[in-house]
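These are my notebook entries on one structure. I set down what I looked up, topic by topic.

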Amino acid sequence: MTSKAAEVRVRYAPAADPVAEGDAFRLRIPTDGIRSECRLVADLQRPGVVRDALLTMGEILTSDQRFAPRSRADYLAYLLAQGKRVTQEVWNAQREFLAAKYGEAAQEESPLDPVIRVDEQGLGLEVFSADESAYARLWLRAGAAYDASEVSSGTSHVRLAPQLLAALGRLRSYRSSTLELSPSAESESDEQRFLVPMRWIRAFGQVQSASTLPLRSFQLAPIDLYNVLLTLRQQRARKPPRALRYELVPGERPRLVLEPWERVIEATGPVYEGAMPMVVRTWGRQRLTVLSRLLPHAKSVTIHLVGAGLPAFYVLDLGDAELTLALSGWTDAGWAGIASFDQLDAGQVDEVLAHKVLQQLEQGPCTLAELAEHTVRSNTELRPALLHQIQRGLVLHDLAARQFVHRPLLASPLPVEALRFRDAREAEAHRLLDTDDAVRVTRVHDLGIEGTRIEGEVNDPQAHRSYKTSFTLDREGRTVDASCTSPQFRRSGLREGPTVPMIALRLAYARQRAELERARNTEEGRKLIRAETRTFVRRDRKGSLTFRVSLDHRQVTVRWGPHPDRMRMQRLLFATPQEASTEYFGRLGTLSSRGFIDASAADSP
């Protein structure tokens with residue numbers, strides 16, 4: 001194992017052709033022969049549902065919505081043919097550089113194969129998308145989705161190759177179907193070794209950790225999600241924002257709003273039962289198209305939202321099976337993102353309690369309440385211990401059942417320290433944050449529909465250097481403009497990724513917002529707020545009305561209108577910051593009393 005990747009050994013037999021004899025169909029799926037503890041032979045109750053669920057998992061596994069630049073090879077060849085200035089030496093140099101830069105890395109590093117878990121309760125399969133922004137877990141209940149004739153509990157890996165997916169596509173509901181999962185014998189295949197990036201393993205744990213955060217949950221009818229996908233297929237947004245916004249009012253059905261058209265889809269499922277009204281924006285909505293195949297089988301769709309810039313979980317109830325799709329805040333962020341998951345650190349861990357929790361889960365899945373009963377510890381004490389084992393890859397959180405399950409991701413667990421940070425730059429940024437007064441947010445400027453600009457200063461005592469850095473986050477949470485006085489930025493801008501001062505400033509900004517949000521309901525906390533923007537929305541049958549109120553030192557700016565992109569504006573300048581703050585919070589209180597919903601978290605990057 002290196003500091004950047006973990007070595008993994010696997011052994012797979014070639015995928016066998018399915019056996020079809022009359023009304024019987026049997027498919028053998030070879031699993032990893034190195035981790036040979038699990039085996040299952042099952043007669044499927046509804047082969048059509050299992051087929052569509054496994055094909056959906058294969059589609060999620062290969063999905064990649066990152067921007068892929070076009071290859072310039074054909075264009076260079078054309079220039080050479082025309083006798084232009086690009087010479088053959090330039091073409092050869094570029095080809096050699098790309099082969100050396102990416103060819104070797106592509107051969108050495110590879111994501112982990114899908115993880116499969118078999119026990120007496122059922123079969124679980126986990127996959128992670130190619131762009132590291134989508135995670136999915138399929139759970140088939142034993143005795144409902146299938147009847148097992150052979151079961152050996154354990155965890156292994158399976159390779160969803162195109163040949164296997166094509167064979168799965170031949171499953172039919174009108175004939176009896178048997179699925180066999182068996183480890184590959186040593187005589188059937190050769191052993192393979194590859195490196196799994198630590199970033200990928202860390203992201204896998206972040207998925208599970210994020211699902212343990214406080215969630216805003218509600219249900220939709222499958223037709224509601226279908227209407228969203230239908231609209232996105234018929235229309236294409238040519239400008240940002242491209243969010244899917246959820247408006248949740250207690251006692252009313254959820255409203256789904258598609259930006260930038262502000263098209264409202266009224267949900268037909270149960271009413272929202274939360275205590276407070278809220279608006280939550282989610283990004284990367286095109287990733288939901290992977291659920292199209294399963295929506296006809298779904299009985300309900302439960303959505304769990306964490307917050308702005310944090311993930312969304314979609315749980316499809318298929319009757320005898322469940323599929324959980326977890327999407328990161330936005331596609332480019334990925335699950336190993338920098339600032340989004342800063343709050344998921346397990347902190348100080350009681351090693352004795354963490355070991356006791358793992359021993360209990362090895363006996364079977366448990367809810368948090370059951371763990372508290374078995375260990376005689378409070379939920380507050382159990383959370384760091386569970387996060388510790390989750391981040392090591394030993395435990396998963398079944399969000400649908402609200403249970404914790406023992407599932408070792410690798411044959412040998414990794415130390416948490418190796419997975420704590422995404423890379424060396426993030427580790428340096430956290431070092432600066434742990435230094436007193438090293439990172440300061442000097443100004444937060446609301447740019448309206450363009451986003452938010454954050455400016456700050458970073459002082460590195462070890463390097464005896466100070467840096468001024470800033471960046472702009474658009475309304476979709478993406479960095480659209482940045483500057484930094486560090487040598488890295490001066491050398492190559494953002495081509496090498498964010499600089500250490502930029503990462504530190506982003507983390508400091510996220511922490512500052514969280515602290516202010518916790519303190520804003522107190523008089524002392526309000527005195528600390530000198531610059532912020534809050535958005536309030538009210539919707540009725542005639543349409544919607546949006547108010548955006550900003551405080552900036554001695555100035556209060558009020559924008560209002562039926563559409564966020566077409567607003568009237570009023571600026572008020574006061575003699576002292578205290579007078580401006582009083583006016584600002586007074587207007588927020590007035591809007592709340594008039595029935596407006598605080599949608600500020602939805603606009604936060």
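**Entry 1: Two helix pairs**

I began with helices α10 and α12, which are oblique to each other. I note at the outset that the model is a predicted one. The α10 helix covers residues 424–433 and α12 covers residues 500–519; their axes come within 8 Å and cross at roughly 55 degrees. Angles from 65 to 115 degrees would count as roughly perpendicular, and those under 35 as roughly parallel, so a value between these ranges is oblique. I recorded the crossing of α10 and α12 as right-handed.

I then listed the residues that make this contact. From α10 they are R425, E426, E428, A429, H430, L432 and L433, and from α12 they are V500, I503, A504, L507, A508 and R511. Sorted by class, the contact of α10 with α12 holds eight nonpolar, one polar and four charged residues.

Which residues of α10 are buried? I found E426, A429, H430, R431, L432 and L433 to be so. The buried residues of α10 pack against α12, and also against α5 (198–210), β22 (439–446) and β23 (452–460).

My second pair was α8 (residues 368–375) and α9 (residues 379–391), whose axes are 10 Å apart at an angle of about 105 degrees. The helices α8 and α9 are therefore roughly perpendicular to each other. Their contact is made by L368, L371, A372 and T375 of α8 with N379, L382 and L386 of α9. The residues of this contact of α8 with α9 divide into five nonpolar, two polar and no charged.

**Entry 2: Backbone geometry**

I next looked for unusual backbone values. Most residues other than glycine have a negative phi, and most peptide bonds are trans.

In the loop between α8 and α9 I came upon V376. V376 is not a glycine, yet its phi is positive, at about 55 degrees. With a relative accessibility of 71%, V376 counts as exposed.

H553 likewise has a positive phi, of about 60 degrees, although it is not a glycine. H553 sits in the loop between β27 and β28 (555–563). Its relative accessible area is 44%, so I entered H553 as partly exposed.

Where is P260 found? I located P260 in the loop between β14 (255–258) and β15 (263–266). The peptide bond that joins E259 and P260 is cis, with omega at about 5 degrees.

**Entry 3: Single residues and their surroundings**

L123 belongs to strand β6 (residues 122–128). At a relative accessible area of 8%, L123 is buried. Beyond four places in sequence, L123 touches L40, I116, R117, V118, L138, W139, L140, Y146 and L181. I also noted that the C-alpha atoms of L123 and A145 are separated by 9.5 Å, with their positions 22 residues apart along the chain.

A145 came up again when I turned to Q45. Leaving aside neighbours within four places in sequence, Q45 is in contact with A144, A145, Y146 and D147. Q45 lies in the loop between β4 (39–44) and α1 (47–62). Is Q45 buried or partly exposed? I entered Q45 as partly exposed, because its relative accessible area is 40%. The C-alpha atoms of Q45 and D320 are separated by 9.2 Å, although these residues are 275 apart along the chain.

S486 occupies the loop between β25 (479–484) and α11 (487–492). S486 counts as buried, at 5% relative accessibility. Apart from neighbours within four places in sequence, S486 is in contact with Y467, T499 and P501.

T546 has its place in strand β27 (residues 543–552). T546 also counts as buried, at 5% relative accessibility. Not counting residues up to four places away in sequence, I listed T535, F536, V537, R559, W560, G561 and M567 as touching T546.

**Entry 4: Cysteines and the whole chain**

How many disulfides are there? Taking sulfur atoms within 2.5 Å as the cut-off, I arrived at a count of zero. C38 is buried, with a relative accessible area of 2%, and C484 counts as buried at 7%.

Last, I took the totals. The chain has 15 helices and 30 strands. Of its 605 residues, 52% count as buried. Among contacts between residues at least 6 apart in sequence, 66% join residues at least 24 apart.

Terms used:
Residues are numbered from 1 along each chain as its sequence is written. This is a predicted model: local features need pLDDT of at least 70, side-chain atom pairs count only at pLDDT 80 or more; totals for chains, interfaces and linings use all residues. Side-chain values use heavy atoms; hydrogens and water are left out. Buried means under 20% relative accessible area, exposed over 50%, partly exposed in between (1.4 Å probe, protein chains only). Axes are lines fitted to C-alpha atoms, for helices over the stretch in contact, and angles run from 0 to 180 degrees between N-to-C directions. Helices (H or I, at least four residues) and strands (E, at least two) are DSSP runs, numbered from the N terminus. Angles under 35 degrees count as roughly parallel, over 145 as roughly antiparallel, 65 to 115 as roughly perpendicular and the rest as oblique. A crossing is left-handed if the near helix is turned anticlockwise from the far one by less than a right angle, and right-handed if clockwise. Contact means heavy atoms within 4.5 Å. Ala, Val, Leu, Ile, Met, Phe, Trp, Tyr, Cys and Pro count as nonpolar, Asp, Glu, Lys and Arg as charged, and the others, Gly among them, as polar.
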